[in-house]
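This report looks at the pocket, the salt bridges and the nonpolar cores of one protein model, and it is best read with the structure in view.

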Amino acid sequence: MNFRLATAADAPAIATLHADSWQRHYRHSWPDSYLDGPVVQDRQAVWEKRLRESPANQFVMIAEEQGVLQGFTCAYGADDAKWGTLLDNLHVRHDLQGRGTGATLVREVARWSRANYPECDLYLWALEANTGARRLYERLGAKNAGTESHMTPGGGRTNAVRYSWTELDALIGA
């Protein structure tokens with residue numbers, strides 16, 4: 001497995017994986033009309049813009065094997081004064097989950113955040129219903145910092161759990 005920073009050329013593959021992941025894992029939490037409708041075009045527009053007009057605090061890393069995208073992560077350093085760096089996206093191909101790719105990507109975000117934003121902790125939001133992802137974060141030492149209701153793309157609301165890491169060195173070394 002090769003891990004590298006994403007480039008604008010990676011936008012189509014990232015968008016496709018992102019949409020597929022949402023369709024598989026957010027069903028029954030987000031409107032079917034969105035997941036079966038504009039999700040692919042929406043993710044394509046988002047990733048083209050993110051990788052073409054990257055803010056200075058954005059970090060996007062991909063995992064690939066023989067040039068094929070296996071997973072990706074996106075984070076924003078010092079995103080929140082209280083919570084620190086936001087791990088905004090973490091997605092791994094469904095047929096490769098449970099093999100350590102997601103954990104490696106989380107650790108890469110922690111390394112980047114520690115190097116560039118040493119005063120920051122790390123946090124993310126996980127859908128309450130996404131128990132597989134939540135187990136991964138808890139196994140990696142994240143603490144449940146509470147649940148909030150969030151708006152979903154396409155309308156509606158769902159509960160999301162904030163997870164945080166305050167000991168990034170422990171996460172990096174795990």
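## A salt bridge between two helices

With which residue does R114 form a salt bridge? The partner is D169, and the closest N and O atoms of the pair are 3.4 Å apart. Like everything described here, this pair comes from a predicted model. Because R114 lies in helix α4 and D169 in helix α6, which covers residues 168-173, the salt bridge ties together parts that are 55 residues apart in sequence. R114 counts as partly exposed, at 24% relative accessibility, whereas D169, at 55%, counts as exposed because the cut-off for that class is over 50%.

## Other salt bridges

In total, the structure holds 12 salt bridges. As a general point, side chains of opposite charge can pair when their charged atoms come close. One of these salt bridges joins D88 and R50, with 2.9 Å between the closest N and O atoms. Since D88 belongs to strand β4 and R50 to helix α3, this pair ties together parts of the chain that are 38 residues apart in sequence. D88 is partly exposed, with a relative accessible area of 30%, while R50 counts as buried because its relative accessibility of 16% is under the 20% cut-off.

A salt bridge can also be found within a single helix, as R24 and D20 show: their closest N and O atoms are 2.8 Å apart, and the two residues, 4 residues apart in helix α1, are separated by about one helical turn. Both R24, at 43% relative accessibility, and D20, at 24%, count as partly exposed. Salt bridges that share partners also occur, joining R4, D10 and E64 into one network.

## The largest pocket

The largest pocket has a volume of about 890 Å³, and 38 residues line it. Among these lining residues, Y26, L90, N130, A133 and Y137 lie nearest the centre of the pocket. Several elements give two or more residues to the lining, including the helices α1 (11-25), α3 (39-52), α4 (101-116) and α5 (131-139), together with the strands β4 (84-92), β5 (122-127), β6 (143-151) and β7 (157-165).

Which element supplies the largest share of this lining? It is β4, which contributes 7 residues. When the lining of the largest pocket is sorted by class, 18 residues are nonpolar, 14 are polar and 6 are charged.

## The nonpolar cores

The largest nonpolar core has 29 residues, of which L122, Y137, W165 and L171 touch the most other members. At least two residues of this core come from each of β2 (58-65), β4, α4, β5, α5, β7 and α6, and the largest share, 6 residues, comes from α4. Y137 therefore appears in two parts of this picture, since Y137 is among the residues nearest the centre of the largest pocket and also among the core residues that touch the most other members.

L171 can be followed a little further: once its neighbours within four places in sequence are left aside, L171 is in contact with V106, R107, A110, L122, L140 and W165. Two of these partners, L122 and W165, are named with L171 among the core residues that touch the most other members. There is also a second, separate core of 13 residues, and its members include I14, L17, L69 and F72.

Methods
Residues are numbered from 1 along each chain as its sequence is written. This is a predicted model: local features need pLDDT of at least 70, side-chain atom pairs count only at pLDDT 80 or more; totals for chains, interfaces and linings use all residues. Side-chain values use heavy atoms; hydrogens and water are left out. On a 1 Å grid over the protein atoms alone, a cavity is a set of points where a 1.4 Å probe fits but cannot get out, and a pocket is an open set with protein on both sides within 12 Å along at least five of seven lines; lining residues have an atom within 4 Å of a point. Grid points are joined across faces, edges and corners, and a volume is the space filled by probe spheres set on the points. Ala, Val, Leu, Ile, Met, Phe, Trp, Tyr, Cys and Pro count as nonpolar, Asp, Glu, Lys and Arg as charged, and the others, Gly among them, as polar. A salt bridge is a side-chain nitrogen of Lys or Arg within 4 Å of a carboxyl oxygen of Asp or Glu. Buried means under 20% relative accessible area, exposed over 50%, partly exposed in between (1.4 Å probe, protein chains only). A nonpolar core is a set of buried Ala, Val, Leu, Ile, Met, Phe, Trp, Tyr and Cys residues joined through side-chain atoms within 4.5 Å. Contact means heavy atoms within 4.5 Å.
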